[in-house]
Amino acid sequence: MDARCVVKTVGVTKVFGDFVAVNSVDFEVNDREAVGIIGPNGAGKTTFLNLLSGLYMPEEGSVFFKGRDVTRVPPQKRIEMGMMRTFQLVHVFDNISVYDNLALSYYRKLEGRAFPPGSVFTRLFRKDIEKIVGDVLELFELDKRSTQIVSNLPLGSKKRMELAMAHIADPEVILLDEPFAGLGDIEIDEILGILTHYIHKKTIIIVEHKITKLTQIVDKLAVMCDGAIIACGGCEETLNDPEVRKSYWKVSEDEQVCL
Ligand SMILES: Nc1ncnc2c1ncn2[C@@H]1O[C@H](COP(=O)(O)OP(=O)(O)OP(=O)(O)O)[C@@H](O)[C@H]1O
Ligand SMILES: [Mg+2]
């Protein structure tokens with residue numbers, strides 16, 4: 001395997017009953033590369049991220065992380081190894097504060113290591129954790145919301161908080177499922193601004209529908225249709241790929257694509 005390759009799948013397949021949601025996908029992302037995945041609703045994008053993060057086990061094929069076969073490695077272990085994800089429908093603890101969510105995420109990353117005794121919540125308020133969480137709250141402009149219960153936050157702040165939860169675990173690879181979904185232009189640009197900091201510092205895989213926003217930050221674009229990756233390469237090249245024009249844009253050879 002190429003030494004630069006951080007995430008790789010070989011013939012990975014996920015089946016629900018007799019429906020093939022992800023169909024024998026070969027995919028590779030190099031170290032610190034930012035790759036976008038687009039595709040119609042139901043194409044299998046979220047299912048594919050679930051295979052990468054370990055939420056699902058494939059029926060066939062393998063997932064590799066830094067050259068190691070992690071196909072059967074559970075999600076928590078993959079987080080400890082340095083792979084972190086966010087969810088299409090924000091996945092946070094709604095009934096506790098912003099601070100507690102961040103501290104829990106930090107703690108979850110550390111869980112595999114030795115930790116002093118005491119209840120989880122006692123540990124979350126250790127001085128060192130307070131400092132780390134405080135810095136991240138500031139970085140993501142959530143410091144004024146630290147004690148707020150998450151269910152009361154606007155969606156934009158929730159999405160920023162979910163990114164902050166990924167950030168605090170200091171992953172090597174970040175998997176993002178529709179970070180812009182449900183947000184207005186201003187909020188999307190705030191998230192884009194945050195993501196820009198990670199570009200070429202972390203390996204990032206972003207599933208999104210908002211192509212014009214996505215192509216501002218990714219190096220490569222992949223298109224998924226009916227469970228298969230039908231094209232992957234530079235953004236321009238991929239968007240104009242004959243198979244993408246036919247299956248994704250559904251335009252004829254001489255028609256213009258409107259982004
Ligand atoms: N747990 C499940 N059980 C049965 N079918 C499922 C399950 N999860 C996903 N599917 C089906 O697999 C297909 C792919 O779903 P998936 O959520 O991966 O699509 P997607 O590309 O993320 O779509 P969207 O852009 O709407 O988020 C869909 O037809 C969906 O109904
Ligand atoms: Mg999805």
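In the predicted model, the second largest pocket is lined by Leu139, Phe140, Glu141, Arg160, His167, Glu190, Ile194, His197, Tyr198, Lys201 and Lys202. Two elements, α6 and α7 (185–198), each give two or more residues to this lining. The greatest contribution comes from α7, which supplies four residues. Sorted by class, the lining of the second largest pocket comprises four nonpolar, two polar and five charged residues. The space in this pocket amounts to about 200 Å³.

The largest pocket holds about 400 Å³ of space. Its lining consists of 20 residues, and those nearest the centre are Ile79, Arg85, Phe87, His91 and Arg108. At least two lining residues come from each of α2 (75–81), β6 (83–85), α3 (98–110) and α6 (155–168). Eleven residues of this lining are nonpolar, five are polar and four are charged.

Enclosed space was also examined. A search of the whole structure returns one cavity of 30 Å³ or more. The space within the largest cavity is about 50 Å³. The residues around the largest cavity are Thr86, Phe87, Lys159, Glu162, Leu163, Asp177, Glu178, Pro179 and Ile191. Helix α6 gives the most to this lining, with three residues. By class, the lining of the largest cavity has four nonpolar residues, one polar residue and four charged residues. Phe87 thus belongs to the lining of the largest cavity and is also among the residues nearest the centre of the largest pocket. Likewise, α6 supplies residues to the linings of the largest pocket, the second largest pocket and the largest cavity.

The strands are described next, beginning with an open sheet of six strands in the order β6-β7-β8-β3-β9-β10, in which the pairing is mixed. At its edges stand β6 and β10 (228–233), each of which pairs on one side only. On average, neighbouring strands of this sheet are turned by 15° against each other, direction ignored. Within the sheet, strand β3 (residues 34–38) runs parallel to strand β9 (residues 220–225), and four bridges join the two. In this pairing, glycine 36 is placed opposite leucine 221 of β9. Helix α1 lies across β3, β6, β7 (173–177), β8 (203–207) and β9, and runs at about 155° to β7.

An open sheet of four strands has antiparallel pairing and the order β2-β1-β4-β5. Its edges are formed by β2 (19–30) and β5 (68–69); each has a single partner strand, so one side of each is left without a neighbour in the sheet. Helix α1 (residues 45–53) packs on this sheet and touches β1, β2 and β4 (60–65), with its direction at about 120° to that of β1. Helix α1 therefore has a place against both sheets, as it packs on the sheet that contains β1 and lies across five strands, including β3 and β9.

The pairings within the four-stranded sheet can be followed strand by strand. In general, the strands of a sheet pair through backbone hydrogen bonds, in either the parallel or the antiparallel sense. Strand β1 (residues 5–16) is paired with β2 in the antiparallel sense over eight bridges, and valine 7 stands opposite valine 29 of β2. Strand β1 also runs antiparallel to β4, to which five bridges join it. Here threonine 9 faces valine 63 of β4 as its opposite residue. Strands β4 and β5 are likewise antiparallel and pair over two bridges. Phenylalanine 65 has arginine 68 in β5 as its bridge partner. These two strands form a hairpin with two residues between them, and lysine 66 in the turn has a positive phi of about 50°.

Aromatic contacts were also sought. Three aromatic pairs are found in a search of the whole structure. In one of them, the rings of phenylalanine 16 and tyrosine 56 have centres 5.6 Å apart and planes at 75°, so the arrangement is edge-to-face. Phenylalanine 16 belongs to strand β1, whereas tyrosine 56 lies in the loop between α1 and β4, so this pair ties together parts that are 40 residues apart in sequence.

How values were computed. Residues are numbered from 1 along each chain as its sequence is written. Chains are lettered from A and ligands numbered from 1 in the order in which they are written. This is a predicted model: local features need pLDDT of at least 70, side-chain atom pairs count only at pLDDT 80 or more; totals for chains, interfaces and linings use all residues. Side-chain values use heavy atoms; hydrogens and water are left out. Two strands pair if DSSP finds at least two bridges between them. Contact means heavy atoms within 4.5 Å. Axes are lines fitted to C-alpha atoms, for helices over the stretch in contact, and angles run from 0 to 180 degrees between N-to-C directions. On a 1 Å grid over the protein atoms alone, a cavity is a set of points where a 1.4 Å probe fits but cannot get out, and a pocket is an open set with protein on both sides within 12 Å along at least five of seven lines; lining residues have an atom within 4 Å of a point. Grid points are joined across faces, edges and corners, and a volume is the space filled by probe spheres set on the points. Ala, Val, Leu, Ile, Met, Phe, Trp, Tyr, Cys and Pro count as nonpolar, Asp, Glu, Lys and Arg as charged, and the others, Gly among them, as polar. Rings of Phe, Tyr and Trp (its six-membered ring) pair if their centres lie within 6.5 Å; planes under 30 degrees apart count as stacked, over 60 as edge-to-face and the rest as tilted.
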